[in-house]
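These are my notebook entries on a structure that I looked through step by step. I began with a single residue and worked outward to the chains.

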Amino acid sequence: MTRNPQLDAHGALRHLLSIEGLPRDVLVNILDTARPFVSVTEREVKKVPVLRGKSVFNLFFENSTRTRTTFEIAAKRLSADVINLNINASSASKGESLLDTISNLSAMDADMFVVRHAQSGAPFLIASHVREGISVINAGDGRHQHPTQALLDMYTIRHYKQSFTGLTVAIVGDVLHSRVARSQIHALSILGVPEIRVVGPKTLVPDSFSRMGVRVFNRMEEALKGVDVVSMLRLQNERMDGGLLPSAQEYYKSYGLTAERLALAKPDAIVLHPGPMNRGVEIESSVADGSQSVILPQVTFGIAVRMAVMSILGVG
Amino acid sequence: MSTQPTFPAVDSSALPAVDTLLDALVEQIRPQVDPARCGMVGIHSGGVWIAERLHRVLGLALPLGTIDVGLHRDDLETSGLRIRMRASMIPFEVAGADILLVDDVLHTGRTIRAAMNELFDYGRPERIRLAALLDRGGRHLPVAATFLGAHVEIEPGREIVLDRCASGAHADTLLLKVQPRSGPRESAT
């Protein structure tokens, strides 16, 4: 078996590219390390000196103000210097190759690259070319992975449910095109969640997903029965144009998370959403703002989890 | 602080009992603190155990704070993060507070420096004083305890750790031990 490119020779995390293939103790260590960082965000001075003197480059080849902002806040709260580069608007449009861009930025003494790219696998390519000492974090690549989102979801689930054993988790929506769903499925399996369900229309949740060890549902009412966690996915508008879905209204009618449908889950079930939400498309407003929603805590925990990942990569 | 007794700690049996040291600390602290205003903060993990006892005996009004200096250590670059860090919790207003920081064994002073840095992230205290169970010398920084149980002398390459029995008949009992020095991930005095 070839060595996981994310781990060094001692099994320690060197890059965070994908949840797939990471050992359980690496995931648990990230979640444990995030806990003290949550308390950092409750102080008057929300800053610790862990990455003082280090430079973090946010390389966003695909726009995402929100994700970029959370990484930027995380790095700044660790006292790192943060450089945001919107590559669409600079080198790429002048024809510079991805690896030339990386070589140039490495020569500017970068310590860490946070990469968002529309092409699946781009962060892997970058990680395989950076010199020793530089870490790469995948902030979302194509349809492939979004590991820090999955980790913050795991942190949120553990926070409210204490452990992963014995849980039933339903992931709802466009599972086929979702890097979030893919990362979540890997993380939930590694952490020992016994039942993972995916639900959505056949065009977005094909039966082939059962190969990933999950139960496939096409009816929302069946899938939500007795679950502990409902993880909603954002429905991207372009799916409607591509003929995979009739309309947003039709989708909401069958797969929108309404209060009535949520009542089929366990009474203490929690509702997750990676944001940004389409109210009235995948989720009813009263559910998004309701007592079972943990969508805003997810955002807060997300900063702490990204601080934990950057700290582990930055100082070991 | 030269009035405290000095123990030559060649092995664990030569060390004074924790309760004796706690009594000595209480005797010094009681006349010097206002139980209504004193904000006590224990440093993980041994300092928290000592602070829990002092807090109870002194009958302090403000809830006990705890601090894990893991994110403020000055050797992160060489030693990395410790595993299983605890979240710091200061359940009272630090700005303007009269703080009594509590640790088990005072050695290089680096932990105290890190703890003070972290405290200032919560606000500007009016005063910080330090209570330590033992002072084993070997300071790297100009730090001294305001209240001290005892001085100890210890051979190089060894360290003193405070241990707590987790279960059994002696559950919660605190014990001082002399042992070979462990790696930086486990301890930083």
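**Entry 1: Ala122 of chain A**

I looked up the contacts of Ala122(A) and, leaving aside neighbours within four places in sequence, I found Phe61(A), Leu98(A), Val115(A), His117(A) and Asp141(A). I note at the outset that the model is a predicted one. Ala122(A) belongs to helix H5 of chain A, which covers residues 122-127. I then took up one of its contacts, Leu98(A): the two residues are 24 apart in sequence, and their C-alpha atoms are 8.8 Å apart in space.

Is Ala122(A) buried or exposed? I recorded Ala122(A) as buried, because it has 22 C-beta neighbours inside 10 Å and the cut-off for a buried residue is 20 or more.

**Entry 2: Gln184 of chain A**

I next located Gln184(A) in helix H7 of chain A, residues 179-190. I counted 30 other C-beta atoms within 10 Å of Gln184(A), so I entered this residue as buried. Which residues does Gln184(A) contact, beyond its neighbours within four places in sequence? I listed Ala150(A), Asp153(A), Ile171(A) and Ser231(A). I also checked Gln184(A) against Leu244(A): they are 60 residues apart in sequence, and the distance from C-alpha to C-alpha is 23 Å.

**Entry 3: Helix H2 of chain A**

I turned to helix H2 of chain A, which runs over residues 65-77 and has 13 residues. From first C-alpha to last, H2(A) reaches 18 Å, close to the 18 Å expected at 1.5 Å a residue.

Which residues of H2(A) are buried? I wrote down Thr67(A), Arg68(A), Thr70(A), Phe71(A), Ala74(A), Ala75(A) and Arg77(A). I kept a general rule beside this list: an α-helix has 3.6 residues a turn, so residues three or four places apart point the same way. The buried residues of H2(A) pack against helices H1 and H13 and against strands E1 (55-60), E2 (81-86), E3 (112-117) and E4, of chain A. Just after H2(A), I noted a positive phi of about 70 degrees at Ser79(A).

**Entry 4: The domains of chain A**

I looked up the domain assignment of chain A, which gives domain 1 as 24-145 + 300-315 and domain 2 as 147-298. The C-alpha centres of the two domains lie 26 Å apart. Where they touch, 21 residues of domain 1 are in contact with 21 residues of domain 2. On the side of domain 1, the elements giving two or more residues are H1, strand E4 (135-141) and H13 of chain A. H13(A) supplies the largest share of that side, six residues. I sorted the residues of this side of domain 1 into nine nonpolar, seven polar and five charged.

**Entry 5: The nonpolar cores**

How many residues does the largest nonpolar core have? I found 104 residues; those with the most contacts inside the core are Phe113(A), Val230(A), Val305(A), Val309(A) and Met310(A). H13(A) gives the largest share of this core, eleven residues. Both domain 1 and domain 2 of chain A contribute at least three residues each to the core. Another core lies apart from this one; it has 47 residues, including Val33(B), Ile90(B), Ala115(B) and Val152(B).

I followed up Val230(A) separately. Not counting residues up to four places away in sequence, Val230(A) touches Ala170(A), Val172(A), Leu224(A), Leu257(A), Leu262(A), Ala265(A), Ala269(A) and Val271(A).

**Entry 6: Chain B**

I counted four helices and eight strands in chain B. Their order from the N terminus is β-α-β-α-β-α-β-α-β-β-β-β. The radius of gyration of chain B is 16 Å, close to the 16 Å that the globule rule gives for 189 residues, so I described the chain as being as compact as a globular protein of that length. Along the principal axes, the C-alpha atoms of chain B fill a box of roughly 40 × 40 × 40 Å. Of its 189 residues, 40% count as buried. Among the contacts in chain B with a separation of 6 or more, 70% join residues 24 or more positions apart.

**Entry 7: Where the chains meet**

Finally, I examined the contact between the chains, to which chain A and chain B bring 18 residues each. On the side of chain A, helix H1 (24-40) and helix H13 (295-315) are the elements that give two or more residues. H1(A) gives the most, with seven residues. I divided the residues on this side of chain A into eight nonpolar, five polar and five charged.

Note on methods:
Residues numbered from 1 in each chain as written. Chains lettered and ligands numbered in written order. Predicted model: local features only at pLDDT ≥ 70, side-chain atom pairs only at ≥ 80, totals over all residues. Contact = placed C-beta atoms within 7 Å. Nonpolar A, V, L, I, M, F, W, Y, C, P; charged D, E, K, R; others polar. Domains from an automatic or database assignment. Rg over C-alpha atoms; globule rule 2.2 N^0.38 Å. Buried ≥ 20, exposed ≤ 12 C-beta atoms within 10 Å, placed from the backbone. Core = buried A, V, L, I, M, F, W, Y, C linked by C-beta atoms within 7 Å. Expected span 1.5 Å × (residues − 1).
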